[in-house]
Amino acid sequence: MCIVGPSGSGKSTLLRIIMGLDKPTSGAVRFEGEPLLPDNPQVAMVFQSFALFPWLTVEQNVELGLEARHDPPEVRHAKALKFIEAVGLSGFENAYPRELSGGMKQRVGLARALAIEPLLLCMDEPFSSLDALTAQSLRDEILLLWSDPNLPPRAVLMVTHSIEEAVYLADRVIVLSPRPGTIVAELEIDLPRPRNRKEPEFFGWVDEIYALIV
Amino acid sequence: MDLHSITKVSFSQVVGLAEAVDEAGGQADVARIAAEVEMDLDRIGPIVAASEFLGLVVVEGGTLRLTELSHKVLKAGLRERKKMLREILKDLPAFRYLIQMVEGAGRPVSRKEVVDTFALHFGTYQADDLFRALVYWGRYSELIAYDSRSELLSLRVPGVRLPSAH
C-alpha cells in the first residue's frame with residue numbers, strides 16, 4: 001500500500017505514528033487488533049536517508065537491528081547474512097557505507113529492516129535520495145522481494161510523493177489532501193504486473209490521482 | 001584499460017537504463033531517456049558506455065537498443081543477475097590479471113600491491129580508480145572478496161559466505 005499526498009499532508013507523520021515513534025493528537029492505532037506499543041517489534045522502517053552507521057560494516061549495520069531482540073550472536077550473524085543475500089548484497093558484508101553506492105546503502109537499510117522479520121514494513125520515501133535509474137532498478141528488485149513468499153513481511157506501507165511510483169508499485173493507494181491532511185480516496189490499482197509506465201492505462205491511474213490532489 | 005567504462009557507475013544504474021529502454025519498447029534515443037530520467041550527458045554518458053561495454057545495449061547513432069543478454073538480465077532474479085555478470089567480468093583482462101596475481105601469490109594480496117602494479121601501467125590516479133572499480137564489481141559479482149579493514153583482497157567462491165565481520 002502506498003500513501004501519496006502533497007508536502008505537509010502528514011504522510012511521514014502518519015508513518016511515524018504507525019511505527020510508534022510519534023503519538024497521535026487524537027485517535028488510536030491498532031495493530032493486529034491491539035493498541036500499538038511503542039517500538040513495535042513487528043514493524044520495521046526503511047528511511048529515506050538510509051540511516052546507516054558509517055563506522056560499522058554492512059553486516060554490522062544489519063545486525064544492529066537484531067540486538068534489541070537478544071538473539072545469540074550466531075543467530076544474529078546467520079540472519080544478517082540471509083537478508084544481505086536476499087537484497088543482493090552478498091560480497092559486501094565487510095564493506096563500509098562509504099564504499100557503497102546510494103542504491104546499495106538503501107539495500108542495507110532494507111536488509112536491516114527485513115532481518116527483524118516484521119509483519120509490516122514501513123518505507124518513508126525510500127527512493128527519493130537516489131538517481132532515477134538507480135531508483136527504477138531498486139523498485140523492480142523490491143517487487144521481486146515482495147513476491148517471494150519465503151521473505152517477510154506480510155504487508156508493506158510506503159510513503160511517496162511520486163504518484164507514478166505509487167501506481168507502479170502498489171495494490172492500494174491512499175490519497176491524502178493538502179493540509180490539513182485527510183484521506184480523499186482509497187484506490188485499488190488493478191493493473192497487471194509487470195507494469196509499464198508508458199501504457200495508457202497506467203497514465204489513466206496517474207491522472208486520476210493527480211485530479212484528486214490538485 | 002577495459003574497466004574504465006565501468007569505474008564511475010553502479011550495476012543498478014546499468015540495469016535501470018536497460019529497464020528504461022525496455023519500457024520504451026526495447027529501443028530509444030539517448031536524448032529521450034536522458035530527459036525522462038533528468039540526467040545530463042555527463043551523468044548518463046558513462047552509464048550508456050558501461051551498458052554497452054557489458055553487452056547490455058547497442059548504441060547506434062544516438063539510439064540505444066537492448067541486446068538478448070539484456071532481456072535475460074531483466075527477466076532474471078538477483079542471484080542469476082550476479083551469475084551473468086560474473087560470466088562477463090571473469091574474462092576481462094583486468095580481472096584475469098587480478099585473479100592470476102592472487103593465485104600466483106598463493107595468499108590474499110594487499111591493496112597496495114595491486115595499486116602499485118596498476119600504477120606502473122596507468123599512473124597513480126587511474127590505478128586508484130581501477131582498484132575501486134575492481135573491488136566494487138568484483139564484490140558484486142562475488143569474484144573477489146575484499147576486507148576494507150585489513151585492505152586484503154582474495155578470491156571468492158561464489159555462494160560461499162564470508163567469515164563473520166566481528
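**Exercise 1. In this predicted model, work out how many residues chain B and chain A each bring to their contact.**

Start with the head count: chain B puts in 25 residues and chain A puts in 29. The cut-off behind that is C-beta atoms within 7 Å.

Next, look at who does the work on the chain B side. Helices α1 and α8 (124-141) of chain B each give at least two residues to the side that touches chain A. The largest share belongs to α1(B), with eight residues.

Finally, sort that side of chain B by character: eleven residues are nonpolar, seven are polar and seven are charged.

**Exercise 2. Find the order of the three strands in the open sheet of chain B, and explain why β1 and β2 each have one side without a neighbour.**

First, the order: it reads β1-β3-β2 in chain B, with antiparallel pairing.

Now the edges. β1 (27-29) and β2 (57-60) of chain B each have a single partner strand, so one side of each has no neighbour in the sheet. Going from one strand to the next, the twist averages 25 degrees.

Then zoom in on one pair. β2(B) and β3(B), residues 63-66, run antiparallel and share four bridges. V59(B), for instance, has L64(B) in β3(B) as its bridge partner.

**Exercise 3. Work out which strands of chain B are touched by helix α1 and which by helix α3.**

Take α1(B), residues 11-23: this helix packs on the sheet and touches β1, β2 and β3 of chain B, its direction making about 95 degrees with that of β3(B).

Then take α3(B), residues 41-53: this helix also packs on the sheet, touching β2 and β3 of chain B, at about 120 degrees to the direction of β2(B).

Definitions and conventions
Residues numbered from 1 in each chain as written. Chains lettered and ligands numbered in written order. Predicted model: local features only at pLDDT ≥ 70, side-chain atom pairs only at ≥ 80, totals over all residues. Pairing = 2+ DSSP bridges. Axes fitted to C-alpha atoms, helices over the stretch in contact; angles between N-to-C directions. Contact = placed C-beta atoms within 7 Å. Nonpolar A, V, L, I, M, F, W, Y, C, P; charged D, E, K, R; others polar.
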